[in-house]
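Got your viewer open? Let's take a walk through this protein, one selection at a time.

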Amino acid sequence: MACVDPPRLLAGLDEAYRLDRVGHLTVHGTMPALRADELVALAENIDLRGRGGAGFPFAKKVTAVVEAAGRAGGRCNVVVNGSEGEPSCLKDTALLLHTPHLVIDGATLAAEAIGAEEVVIACHRPDVEESLNAAIAERGPSGVPVEVSVTPDRFVAGEGGAVINGISGAPAIPNGRKIRSSENGLGGLPTLLSNTETYAQLAVAARMGALPYRSVGLPTEPGTTLLTVGGKYVMETPTGVPLTYVLELCGLTPGQGVLVGGYHGKWLDPKSIGAATISRESMKKYGARLGAGAVLPIPEDTCPLGETARVARWLAAETAGQCGPCFIGLPALADAIGQVERGGGQSSIDNVRAYINSVRKRGACSHPDGTAGFVTTALDAFPEEFESHAMGAGCGRPTIGVLPMPEETQPLALPPGPAVAPPRAERQQRGPMEKLLVDWSLCQGHGLCADILPPEVLTLGIDGYPSSARMEVPRQLRNQAVRAVRRCPALALRIEE
């Protein structure tokens with residue numbers, strides 16, 4: 001659905017379930033070509049930002065890649081992050097299923113502008129893969145090569161570094177240290193990595209021009225945005241629209257509160273909801289951000305604590321398994337919330353806060369911080385519910401499961417025609433082998449890691465400590481390396497590329 005007239009990203013879907021190449025060109029017209037400087041200028045003029053969470057300016061990404069490519073002999077790549085691993089978000093899936101050519105247009109426009117060697121679109125759903133391959137086949141072999149890469153359906157697999165790793169054939173987990181894809185991305189080359197909706201917005205803006213694009217939305221945040229409302233409705237709205245109006249269009253009410261930004265987001269109370277609008281600036285006033293565009297109201301007939309506990313358990317299970325605060329701390333945090341549910345007294349709430357503090361700013365990626373933030377915002381939004389459960393009274397409401405969890409997806413019914421793209425050469429494994437690293441400041445020489453890993457990976461010195469701080473891990477032994485990381489009582493081991 002859309003509340004912008006006429007819709008832009010969702011144009012044509014009132015008459016067709018999926019826009020094939022002919023339908024796409026009929027609705028949107030042909031795509032112009034832009035130089036790199038023109039691409040940067042357009043992105044700056046419309047203040048195009050990433051729509052996957054962080055909201056980083058797209059023009060700065062392009063500039064960084066162009067500069068890095070100049071130092072790398074002009075070589076670079078483009079990656080579309082369509083790995084929507086959070087069950088509360090469906091907007092990118094909707095684009096890739098129903099208007100795949102719009103996304104491909106934006107990606108190839110950028111690729112041709114910066115001279116990229118290829119475009120790779122990462123996704124995890126089989127129906128999305130099928131839709132994209134059909135779209136590639138409909139376009140024929142022209143321009144920058146476009147390829148689809150299937151990555152794991154995991155929450156952490158949607159992080160930028162994890163996407164690059166997954167495409168490259170390495171485990172799709174975040175890097176343990178900051179690596180800028182604009183300098184060292186796919187194949188070790190500078191890579192323009194951005195979210196599915198970002199490229200679709202670029203394709204619309206390139207056709208319209210900056211001034212017509214800015215005619216909708218706020219002057220400071222022009223254009224439209226896609227939202228996933230209630231975990232099942234995808235809608236396009238201009239920026240600046242009241243949050244309550246968005247809920248109303250979907251037949252929903254604010255209820256007890258609205259979670260904005262998904263499972264690493266922020267709960268807004270009913271008073272804040274009444275004043276909030278769909279904009280970065282408005283959300284910032286309440287310590288929130290739109291993130292990947294998830295808007296999740298919680299109705300009056302479900303238990304907020306129970307809903308929080310469900311999501312916390314799922315987030316704990318989504319750990320990348322590469323650092324103690326994540327694979328030890330998050331399950332402990334989820335268990336502590338369960339103790340509150342079961343009437344564990346004030347000490348159980350104290351335990352929740354203690355585990356929140358124990359994982360913050362200690363993870364190898366942002367997952368521990370994001371999960372701790374989700375629980376913190378629930379504590380702040382529903383203090384009476386947490387206290388009533390802790391003291392044994394409860395809130396008298398069941399947990400009906402309104403916050404979405406992963407479910408089986410239905411395959412897309414594609415129109416007649418080629419179902420898959422022409423055969424492509426199998427992608428070569430890219431990137432160096434993973435390494436097991438020892439933090440000497442933590443290692444206490446327990447030697448348990450040597451009980452799990454074979455001597456060709458890890459041996460102990462005469463003092464009982466690992467003989468090396470960096471050990472290459474063959475792919476077939478990665479599971480054993482993960483077990484060694486988890487078993488280390490001092491949390492002195494981690495896996496990195």
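Before you select anything, one idea for later: buried area is the accessible area, taken with a 1.4 Å probe, that two parts lose on being put together, summed over both. Also keep in mind that this is a predicted model.

**Stop 1: the domains.** Colour the chain by its four pieces: domain 1 (12-214), domain 2 (224-298), domain 3 (304-391) and domain 4 (435-496). Now show just domain 1 and domain 4. Their C-alpha centres lie 38 Å apart.

**Stop 2: where domain 1 meets domain 4.** How many residues of domain 1 are in contact with domain 4? You should find 6 on the domain 1 side, touching 4 residues of domain 4. Together the two domains bury about 410 Å² between them, and carbon and sulfur atoms give 42% of that. Select Pro171, Ile173 and Gly176 in domain 1: these lose the most area to domain 4, together 66% of what that side buries. Sorted by class, the side of domain 1 that touches domain 4 has 3 nonpolar, 2 polar and 1 charged residues. Don't hunt for salt bridges across this interface, as the rule finds 0. It also finds 0 residue pairs in polar contact there, counting pairs with both residues at pLDDT 80 or more.

**Stop 3: charged pairs.** Side chains of opposite charge can pair when their charged atoms come close. Over the model, the salt bridge count comes to 19, so let's visit a few of them.

Start with Asp105 and Arg21, whose closest N and O atoms are 3.8 Å apart. Asp105 sits in helix H5 (residues 100-114) and Arg21 in helix H1 (residues 21-28), so this pair links parts of the chain 84 residues apart. Is Asp105 buried or exposed? Asp105 counts as buried because its relative accessibility is 3%, under the 20% cut-off. Arg21, at 24%, is partly exposed.

Next, select Lys91 and Glu197, a salt bridge at 3.0 Å from N to O. Lys91 belongs to helix H4 (residues 91-98) and Glu197 to helix H8 (residues 196-208), so the pair ties together parts 106 residues apart in sequence. Both Lys91 and Glu197 are buried.

Now select Arg21, Asp105, Arg139 and Arg207 together: salt bridges with shared partners join these four into one network.

**Last stop.** Select Glu38 and Arg35, whose side chains meet in a salt bridge of 3.1 Å, N to O. Glu38 is partly exposed, with a relative accessible area of 29%.

Conventions. Residues numbered from 1 in each chain as written. Predicted model: local features only at pLDDT ≥ 70, side-chain atom pairs only at ≥ 80, totals over all residues. Heavy atoms only, no water. Domains from an automatic or database assignment. Contact = heavy atoms within 4.5 Å. Polar contact = N/O pair within 3.5 Å; in protein donor to acceptor, adjacent residues only side chain to side chain. Nonpolar A, V, L, I, M, F, W, Y, C, P; charged D, E, K, R; others polar. Helix = DSSP H or I, 4+ residues; strand = E, 2+ residues; numbered from the N terminus. Buried < 20%, exposed > 50% of the residue type's maximum accessible area, 1.4 Å probe, protein only.
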